[in-house]
Amino acid sequence: MSANVPTLTFEVPERMRRLERQSLGVGLVAAIASIIGAVISPEHFLRSYLVAFMFWLGITLGSLAILMLTHVTTAQWGYPVRRVLEAAGRNIIWMALFFIPIIAGMSKLYPWAAPGAVNNDQLLKLFQRQYLNAGGFIFRAILYFVCWVVLAFALSRWSWSQDSPPDRSYRRRFQNFCGAGLVIYGWTMTFASIDWMMSLDNHWRSTIYGFYVMAGQGLIAFSFLIIVAALLWRFRPLSEVMTATHLHDMGKLMFAFLILWAYMAFSQGLIYWSGNVPAEISWYLNRTTGGWWWIGLALILLHFVVPFFLLLSQNIKRDAGKLIVIAVWMIVMRWIDLYWLIVPNFPDTKGHLVFSWMNVATTLAIGGLWVFAFLLNLQAHPLIARYDPMLYQVLEAQEHGH
């Protein structure tokens, strides 16, 4: 079996490198437009920026979580795309930098951070200010990013050591580290979702909110992974180690996270609907009146119902072209869901749907730079870990037709 290994090409296809200049150009142009928007209307810019930030953070952390999941389960489908997940996860260092405008504009985003908020809000004054304060917000953000950066770069460093002999097997180390890493991700992302999203309305709370956000991150990360993997599948080395079965497995997991996301959303809504407490259902009233009703209906039909029935088909999950279309659609719907979660919290958006060109500009600004950094990460090391024992298992499975 070892004779097959030297015949593989372990470099990123040349065509992928052309996307660097394009993504960088889009990111820079959109960044200039975003800066202009920030000068014209800082409040609307910050709202748009928060949506864009959480969108790209979802792909980054979702990819990191999936990477840890592949190590814990030692799933064969994860081996061909492991370096893709590592490259996306290492972008967490850039997301930390992209978080700076949110800290700078904290007082315009969060009601509890506004000047005089403590004196005007009895709930904040009596119960919440020990947690919802500027110092705690910044300290926790630093803690979250430190944890995520350590997880992402530790996994990458161990993976890179398998690019050269001697044959090093880190399976047990990966499993132990990633088992703890998934717990850390769950805790940190739960509190981060409370700090950065749920506290936009500090009079509303949900015990399932963190799981809801993490389910969405897993869904968008699998959608992104499927797109990249399907495109790379046409070139070596993925064309030699990846099969339709691997693509089918990723499609099934995207389907599983779609169901998980829908379950979390339904469970949260059902609890508040059955309770019917005015202070709690106001969060949903703001999202089911005016134009927001159509966004909610679109999330039900286009984010869940239509993809659900399409992904029931095994043939679609094994067809790269069709699966890419569904994955792109899921990514669009994930952005709409985050927009629906974040924007109606602001007073001037309650009861009527609003949309700004800055929503597009900020998403493209962060996205263009994110994709540029991702492609640089992807090219920094071979796409396949040459001396990972998992390679032999994948090649052997292909020889036996699995």
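Begin with the residues that line the largest pocket of this predicted model: by class they comprise 19 nonpolar, five polar and one charged. The pocket itself holds about 720 Å³ of space. To find its centre, select Ala265, Gly269, Tyr284, Ile300 and Trp340, the closest to that point of the 25 lining residues. Next, colour the helices α13 (244-275), α14 (278-285), α15 (292-311) and α17, each of which supplies at least two residues of the lining. Helix α13 gives the most, with nine residues.

Move now to the second largest pocket, with a volume of about 550 Å³. Of its 21 lining residues, select Trp56, Phe224, Ile227, Ile331 and Val371, which are the closest to its centre. Helices α1 (14-40), α2, α11, α17 and α18 (357-380) each give two or more residues to this lining, and α18 gives the most, with seven. Which classes of residue make up this lining? There are 17 nonpolar and four polar residues, and no charged ones.

The next stop is Phe374. Display its surroundings and, leaving aside residues up to four places away in sequence, one finds that Phe374 touches Val84, Ala87, Ala88, Asn91, Phe224 and Val228. Phe374 is also among the residues with the most contacts inside the largest nonpolar core, which has 125 residues. Others in that group include Phe53, Met54 and Trp148. Select helix α2 (residues 42-73) to see the element that gives the most to this core, with 18 residues.

Then select residues 82-89, helix α3. Why is this helix described as largely enclosed by the rest of the structure? Eight of its eight residues are buried, so the surrounding structure largely encloses helix α3. Arg82, Arg83 and Glu86 are among these buried residues, as are Val84, Ala87 and Ala88.

Finally, look for enclosed spaces. How many cavities of 30 Å³ or more does a search of the whole structure find? There are three. The largest has a volume of about 110 Å³; select His71, Arg82, Arg171, Phe174 and Asp388, the closest to its centre of the 12 residues that line it. Helices α2 and α10 (171-196) each give two or more residues to that lining, which divides into four nonpolar, five polar and three charged residues.

The second largest cavity contains about 70 Å³ of space. Among the residues to select in its lining are Met54, Gly58, Gln217, Ile220 and Arg334. The largest share of this lining, four residues, comes from α11.

Methods:
Residues numbered from 1 in each chain as written. Predicted model: local features only at pLDDT ≥ 70, side-chain atom pairs only at ≥ 80, totals over all residues. Heavy atoms only, no water. Core = buried A, V, L, I, M, F, W, Y, C linked by side-chain atoms within 4.5 Å. Buried < 20%, exposed > 50% of the residue type's maximum accessible area, 1.4 Å probe, protein only. Contact = heavy atoms within 4.5 Å. 1 Å grid on protein atoms, 1.4 Å probe; cavity = no way out; pocket = protein on both sides within 12 Å on 5 of 7 lines; lining within 4 Å. Points joined across faces, edges and corners; volume = space filled by probe spheres on them. Nonpolar A, V, L, I, M, F, W, Y, C, P; charged D, E, K, R; others polar.
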